[in-house]
Structure formats: structure tokens, C-alpha cells
Amino acid sequence: MLSWMQKHKKYLVVTIWVSTIAFVGAGFVGWGAYDLNSNRATSVAKVGHRNISVQELQQKYDRLYQYYNNVFEGKLTQEKAEELGLENAALQAAIQENLLLNFADDIGLSVNKDDVLKYIIVDPTFQKDGVFDKNLYYDVLRRARINPTDFEDNLKLTILLDKLRTILNLPASKEDIAMMEASFFMQDKLAVQVVNADQNDIKVDEKELKDLWEINKNNYMTKTLYGIDTYFVESEKSDANESVLKSYYNENQDKYKGSDDKIKPFSEVKAEVNKDYNIEQSKTNALEKYVAVKKAELATNGFISVNEDNATFPLDEIKGAKVGEVIKPFIYKDG
């Protein structure tokens, strides 16, 4: 994890959006201390690609306030809280938590609905006679003035951190410790002698050379070359209206992920979406041409020669084809 922090320290910059945040300390019990009204939630800081909301910061502050209020036997004042630096402590706790969440995102950890459900149904707060009660769940949240969606979104962060702590808390076996000790205390002795060889002193036996080639001749084969007669159907060039493109984008979001495996916003990939949409609209025309070529009613109009190392050509589409076979259309460049 330390290496990850070092690698990503350039973009894990903490940006504070506001210089002063007002906190209200109160001795609430349980969820009553949390204000999860998303309508009032705005970001106060950004850590990596995650935002820290006002409500998240308020939650951290409330927990610290409750803890110290118990230490002071219920006599903690706002002035004393400021003296203890609870505001800064809450912000630092939120920053550290979001650093961990960035790390969890980068190593591919995620939380699904089943994870959330498992946490909720085992919570005694939502159980009646030891069994989860759906009506009780909604009633508790309603009385605490918490929206179920907000509560479950907040719970996802807790679960994600629990998953991360679990994978980081791997106990070392005796073998692991012994191996680590060996790497620290092992010493090698090395003797080196330089042997100079003059090419003129090396005599090549042609028979031995040919015998060596015979044994390894499969290593000296030329690259496989594919010759393909083609009929290229260029995609349409129309500019579809934005609502149509957004609909196509929503149906195919997985195609537009960035290097961080996050789906890019529509505004960033609009041109790419438009291109893909036009190609999609051209498939019917391509299939008609394919049938005509297969029936010998239409002649091919191009030729492509590609070898097996060509990374720009979708070789998987043609590798299994036989000589003379007409294969179905596939996407290549802009058509």
C-alpha cells in the first residue's frame, strides 16, 4: 500500500473547497447525530477522485464530539471542542478514510447490493425476535429522518473500508517470516572471470550448424500472412441529435471506461459515441452487401494483406476462416 501511495501521490492532492466550516456539537445517540439530507450536501474537499461532503465531515465531527463529551462526563463545551481541535481532527479523519477509498478503487474493490443487504439484515437494530424486519428497518430510518438510499450509500463506504482492512490484515506465517529474514541476512560470494573470444578463433562446422537448425527449425519460420479480398462499407457520417446519442451511450456505457475503469461522462466521449452510433446504423447495409458477395452477386472492391503481428487489424475475426470462405462483416476503422 505504501508503494501505491508513493506512485499516486501526484494526483492524491487534497483540495479544500472552503476555508471555514461551522460545526454544531451535540450529544445525539445513534443515527440521530447524522444529517444525511443529500439536498444540503456539498463537497468541502477532494482527495484523489473522491469528494468529501459536508455531511460526511459533519458525521466525523459528531462522532469525535460524542467521544470527548463522554470523556468529559457530558460537560464538553463548544469552546473546549475548538481548543481540542476537533474540526481539524474530523477533516484529517475524512482525508485518511478517502485515501483508503482511493486505494480500494484502484485495486478493484467494490460493493454490490448483496453486500449491503447482508450488513443490514444482521444489524440487531433492524431485527425483531432475532429476525430482520423490513418494516422496522424503514420505521427506524423514518424516525431518524434518514432517506434509505442515503443510508445505504453511506453503508457502502463502510463496507468498502471493511473489505480493504480485511485484505490488508493478512497474518504472516512462519514461512513468510523465515523468507523475509533470509532475504535480509543472506550473503552471496561471487567469483568473476572475464573470457574474451575473438570471432576469428571461432570455427563453424557446417554439419553441426545444419543439425542445430534441423532441431530448432520451427523457431525460424516466417510470420503467418493473411491475404483478404474485401468489400468495405463506410459508416454513415450523420450527426445524430443529442438525445439519441445519450440513449445509445446509456445502453453501452461499458464501452466508454477510462484507464481507472470508471465510466467517462457523456460530454467527454460524445464524438466517440457519435462514431459508434453511425457504425451501428451501417450494420444493416453491411449485412446486405455480405449476402450479395456470398451469392457472387457483388464483387469485392479491395485487398488487404496482414501478418499475424498486425495489432491494428482484428485478426480474431479471420483466424478460423478457410480459404475462399466469406465471413460476416466486422468493424474495421470507420466502417
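User: How many of the residues in the lining of the second largest pocket are charged?
Analyst: This is a predicted model, in which local features need pLDDT of at least 70 and side-chain atom pairs count only at pLDDT 80 or more, while totals for chains, interfaces and linings use all residues. Residues are numbered from 1 along each chain as its sequence is written, and side-chain values use heavy atoms, with hydrogens and water left out. A pocket here is an open set of points on a 1 Å grid where a 1.4 Å probe fits, with protein on both sides within 12 Å along at least five of seven lines; lining residues have an atom within 4 Å of a point. Besides 6 nonpolar and 11 polar residues, this lining has a charged group (Asp, Glu, Lys and Arg) of 15.

User: Which helix gives the largest share of that second lining?
Analyst: The second largest pocket has a volume of about 820 Å³. Of its 32 lining residues, Arg50, Asp153, Lys156, Leu157 and Leu160 are the closest to the centre. Strand S3 (50-53) and helices H2 (54-71), H4 (86-106) and H7 (148-168) each supply at least two residues. The largest share, 10 residues, comes from H7.

User: And the largest pocket: how many of its lining residues are nonpolar?
Analyst: With a volume of about 1000 Å³, the largest pocket is lined by 36 residues, and Ile228, Asp229, Thr230, Ile327 and Phe330 lie nearest its centre. Helix H12 (283-294) gives the largest share of the lining, 6 residues. By class there are 7 polar residues, 7 charged ones and a nonpolar set of 22.

User: How many residues apart in sequence are the parts that the Tyr248 and Tyr277 pair ties together?
Analyst: The structure holds 12 aromatic pairs (Phe, Tyr or Trp ring centres within 6.5 Å; planes under 30 degrees apart are stacked, over 60 edge-to-face, the rest tilted). The Tyr248 and Tyr277 rings have centres 5.8 Å apart and planes at 80°, so this pair is edge-to-face. Because Tyr248 lies in helix H10 (residues 242-251) and Tyr277 in helix H11 (residues 266-281), the parts tied together are apart in sequence by 29 residues.

User: Is Tyr249 buried or exposed?
Analyst: Tyr249 pairs with Phe266, with ring centres 5.5 Å apart and planes at 65°, so that pair is edge-to-face too. Tyr249 lies in H10 and Phe266 in H11, so the pair ties together parts 17 residues apart in sequence. Phe266 has a relative accessible area of 11%, where under 20% is buried, over 50% exposed and in between partly exposed. At 8% relative accessibility, Tyr249 counts as buried.

Methods
Rings of Phe, Tyr and Trp (its six-membered ring) pair if their centres lie within 6.5 Å; planes under 30 degrees apart count as stacked, over 60 as edge-to-face and the rest as tilted. Helices (H or I, at least four residues) and strands (E, at least two) are DSSP runs, numbered from the N terminus. Buried means under 20% relative accessible area, exposed over 50%, partly exposed in between (1.4 Å probe, protein chains only). Grid points are joined across faces, edges and corners, and a volume is the space filled by probe spheres set on the points.
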